[in-house]
Amino acid sequence: MLDQVAYACASRYASRYVVTLSVDQVMFRQPVHVGELVTLLAAVNHTGTSSMEVGIKVVAQEIRSHQQRHVNSCFFTMVAVDDERKPVPVPPLRPFTPDEKRRYAAALTRKALRQEFARRASPPPARDGNCRSLALVP
Ligand SMILES: CC(C)(COP(=O)(O)OP(=O)(O)OC[C@H]1O[C@@H](n2cnc3c(N)ncnc32)[C@H](O)[C@@H]1OP(=O)(O)O)[C@@H](O)C(=O)NCCC(=O)NCCS
């Protein structure tokens, strides 16, 4: 469901087909119980050249009491593509309202964190053709 909503949100924003590049920070704050009404709220938080961060907030509602709970939040990175599945530019997002500006700033922080995580998680380049240079030492 989350991926479908991310697709709908990003493709409508870009007026293009989009593909899912990544999903991160899927935070299950509370369980969703069988029989509850689930609403997914999505927004494009930030745009790069061809990529978009889509934030999704999931709200569950107990049918009898109408009590609502924020149960899940997550962030997808979607990339707009052409007919050959090559990335194509998307319209740059111009945040306007305070909420849009807050989401934009938070998305920029997450983008920097993703880059930092990728940098730290990637193995160091081998200095020569010898596999010993990749050995993990505690
Ligand atoms: C998404 C995809 C089209 C990107 O192709 P690519 O050759 O890496 O294209 P680019 O280098 O131009 O990158 C496109 C965008 O993705 C971002 N990107 C690509 N790889 C990335 C990575 N590992 N981490 C973060 N961002 C990445 C680039 O920063 C760029 O963003 P920008 O245009 O906003 O600056 C390609 O990786 C792909 O087709 N992936 C499979 C997608 C798919 O099938 N998803 C469904 C899975 S079931």
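Reading from the N terminus, the elements of the chain go α-β-β-β-β-α, which comes to two helices and four strands. The model is a predicted one. Of its 138 residues, 20% count as buried. The contacts lean on sequence-distant partners: taking those between residues at least 6 apart in sequence, 64% join residues at least 24 apart.

The four strands make up an open sheet, ordered β1-β4-β3-β2, with antiparallel pairing. β1 and β2 (37-47) sit at the edges, each pairing on one side only. On average, and with direction ignored, neighbouring strands of this sheet are turned by 25° against each other.

Now to the individual pairings. Strand β3 (residues 51-61) is joined to β4 by eleven bridges, the two running antiparallel. Along this pairing, Met52 has Met78 of β4 as its bridge partner, while Lys57 stands opposite Ser73, again in β4. β3 and β4 also form a hairpin, with six residues between them. In the turn of that hairpin, His66 shows a positive phi of about 65°. On to β1, which pairs with β4 in the antiparallel sense over nine bridges. Here Val23 finds its bridge partner in Phe76 of β4.

Then there are the helices, and both are laid over the sheet strands. Helix α1 (residues 2-14) lies across β1, β2, β3 and β4 and runs at about 135° to β3. Helix α2 (residues 98-121) likewise lies across β1, β2, β3 and β4, and its angle to β2 is about 75°.

That leaves the ligand. The residues around the ligand are Val19, Thr20 and Leu21, then the run Gly48, Thr49, Ser50 and Ser51, followed by Val79, Val81, Arg85, Pro87 and Ala118. Sorted by class, this shell holds six nonpolar, five polar and one charged residues. Two strands, β1 (17-28) and β4 (68-81), each supply at least two residues of the shell. Of the elements, β1 gives the most, with three residues. The two strands named here are also partners in the sheet, where β1 and β4 are held by nine antiparallel bridges.

Methods: Residues are numbered from 1 along each chain as its sequence is written. This is a predicted model: local features need pLDDT of at least 70, side-chain atom pairs count only at pLDDT 80 or more; totals for chains, interfaces and linings use all residues. A residue is near a molecule or strand if its C-beta atom, placed from the backbone, lies within 6 Å of it. Ala, Val, Leu, Ile, Met, Phe, Trp, Tyr, Cys and Pro count as nonpolar, Asp, Glu, Lys and Arg as charged, and the others, Gly among them, as polar. A residue is buried if 20 or more other C-beta atoms lie within 10 Å of its own, exposed if 12 or fewer, and partly exposed in between; C-beta atoms are placed from the backbone. Two residues are in contact if their C-beta atoms, placed from the backbone, lie within 7 Å. Two strands pair if DSSP finds at least two bridges between them. Axes are lines fitted to C-alpha atoms, for helices over the stretch in contact, and angles run from 0 to 180 degrees between N-to-C directions.
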